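Please find below a short note on the model, set out as numbered points for discussion. The points move from a working definition to one helix, then to the enclosed space, the cores and the chain as a whole.

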Amino acid sequence: MRTGPDGSRRVRRRTAALLAAALAGGLLVTGCSATGTSGSSADSKAREAHGPAASTAPDESGAGGEEGPSDHRSTFALDVDTASYGYARRTLADGRLPDAGAVRPEEFVNSFRQGYPRPEGNGFSVTVDGARTGDDGWRLMRVGLATAQPPADGERAPVTLTFVVDVSGSMGQPGRLDLVRGALSQLTDRLRADDSIALVTFSGEARTVLPMTRLGLKGGPVREEVQGAVDSLEATDSTNLEAGLTTGYATAVKGARPGATNRVVLLSDALANTGETDADAILDRVADARREHGITLFGVGVGSDYGDALMERLADKGDGHTSYVSSEAEARRVFTEQLPANIELRARDAKAQVVFDQDTVADFRLLGYDDRRVADDDFRDDGVDGGEIGPGHTVTALYAVRLREGARSGRVAKATVRWLDPRSRKPREASGDIAVSALGGDLWSKETSPRLRVDAVAAYFAHRLSEGGNEPYPGEPALPELSRRAEGLTSATEDPDVTELADAVRSASRLRPADD
């Protein structure tokens, strides 16, 4: 969005209001079938066991793919991040293609409403569907997971929020610290009397501007003190993110209250240049606080120059989520629509495993989730790190699946989600499956679910932006054709988010004319 100085100021003010509303509402609102044996929580690097390579089922000759029991399984930690798509849209709007390394297909797909059935009460629903992408035996299969919506009355436990705010020199640019300051100002008016807030800033070093403080009644002296602390935020010099998070987690632990939900919220452009700048090393310094006190991290990215990789890794390893905000529309999407809950949780360490039937499936590939892969044998190891999911969330995974020649009936796959109850820490599971007959429709037919078609456009678009066009996904169109598909879906869905997707694909097609 381009405006003059006055218009820009108004946009930033409105964006700040939306951000505050989201932090107060979307963050503060806050899923269980089969049981198993509970395990202790521990960090694990097992998700990297598969790397970016696709899993492969044996082909008809018995060759192809890895040998062994994992050939027909695909396992990954759940992820509801959307920052990659938000930042890509911002970059395209500025007339540039995003960095290929910052493009993650699952975050593009998970940026859209899905319309999956919701479970009754707590837990996950599991929906599996798909369609034919061509005449070469390949299908696009979608695994959709959803948690129940938060209670209509908005009832929740008190929260203790520690805001860790970047006040480095780069945050002085328009649309960064001014946005954060305005949002926090309005936030204090929306929190409840029994909620608590702390404010930590960091530049070259970290400073606790406001210790954990219970807000009390609106209009009271405590809220005036909080407002004064927010008003004092000014950009200074370098970016020591390590110092900010270390102090932030220490403040969160010190201010923890029994029965309250405890979360650290990092607001930054993530352009760390002082102190430790490696995400894993930074989080190692606060590992005890994360594990013993159950503190989770919510990262909010701002700015046209944004350290996407660092923020994504921090949230990934910090049991949290990331979002990116650059405009009024994105603030509304990220906070009031896509993140209906980021404080209280429905599921901890949630993982999904899809088991493909070797009698019907010759080959398969998970689209995205490259840094969320989990070793297949660790699916029911509850000490292996998974994803944290709140109420009202959906998680979508797309698979390219090639059926065996002559496969006309039988089961294609069974998808299972496993998680720990956030209070009892007991494991729960839910499952769903799909038959060959359910994958026979044409992907681009009007009879196929518009939401499945939107997901296909989003995933294919991400793959093109990540320079995957040299090895396209099965059925993946070039950008001009993808732009036409996206444009057709704007009327089919009447969804402004899909209109923005079509605009982004059109912009990318103009910036990369050779992609035909």
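1. A residue is called buried here when its relative accessible area is under 20%, and exposed when that value is over 50%, with partly exposed in between. The model is a predicted one, and the points that follow should be read with that in mind.

2. By this cut-off α9 is mostly covered, since nine of its ten residues are buried. The buried set includes nonpolar side chains, among them Leu-310, Met-311, Leu-314 and Ala-315, but it also takes in Asp-308, Glu-312, Arg-313, Asp-316 and Lys-317, which belong to the charged class. After the helix comes Asp-319, which has a positive phi, near 55 degrees.

3. The helix α9 (308–317) also bears on the largest cavity, for α9 and β12 (387–389) each supply at least two residues of its lining. The strand β12 gives the most to that lining, with three residues. The space in this cavity comes to about 60 Å³.

4. Which residues lie nearest the centre of the largest cavity? They are Leu-78, Gly-320, Arg-372, Gly-387 and Glu-388, out of a lining of 13 residues. By class, that lining is made up of five charged, four polar and four nonpolar residues.

5. The largest nonpolar core has 36 residues, and within it Phe-108 and Phe-461 are those with the most contacts. Two or more residues of this core come from each of α2 (83–93), α3 (105–109), β3 (138–147), β13 (394–403), α11 (450–465), α12 (479–493) and α13 (496–511). Of these elements, α11 gives the most, with ten residues.

6. What does Phe-108 touch, once its neighbours within four places in sequence are left aside? Phe-108 is in contact with Ser-84, Tyr-85, Ala-88 and Val-103, and also with Ala-458, Phe-461, Ala-462 and Leu-465. The two residues with the most contacts inside the core, Phe-108 and Phe-461, are thus in contact with one another.

7. A second core, separate from the one just described, has 34 residues, and Val-143, Ala-347, Val-354 and Leu-403 are among them.

8. For the chain as a whole, the secondary structure comes to 13 helices and 15 strands, and 60% of the 516 residues count as buried. The accessible surface comes to about 19,600 Å², and carbon and sulfur atoms account for 45% of that area.

Technical notes. Residues are numbered from 1 along each chain as its sequence is written. This is a predicted model: local features need pLDDT of at least 70, side-chain atom pairs count only at pLDDT 80 or more; totals for chains, interfaces and linings use all residues. Side-chain values use heavy atoms; hydrogens and water are left out. A nonpolar core is a set of buried Ala, Val, Leu, Ile, Met, Phe, Trp, Tyr and Cys residues joined through side-chain atoms within 4.5 Å. Buried means under 20% relative accessible area, exposed over 50%, partly exposed in between (1.4 Å probe, protein chains only). Helices (H or I, at least four residues) and strands (E, at least two) are DSSP runs, numbered from the N terminus. Contact means heavy atoms within 4.5 Å. Accessible areas come from the Shrake-Rupley method with a 1.4 Å probe; for residues, only the protein chains shown count as cover. On a 1 Å grid over the protein atoms alone, a cavity is a set of points where a 1.4 Å probe fits but cannot get out, and a pocket is an open set with protein on both sides within 12 Å along at least five of seven lines; lining residues have an atom within 4 Å of a point. Grid points are joined across faces, edges and corners, and a volume is the space filled by probe spheres set on the points.
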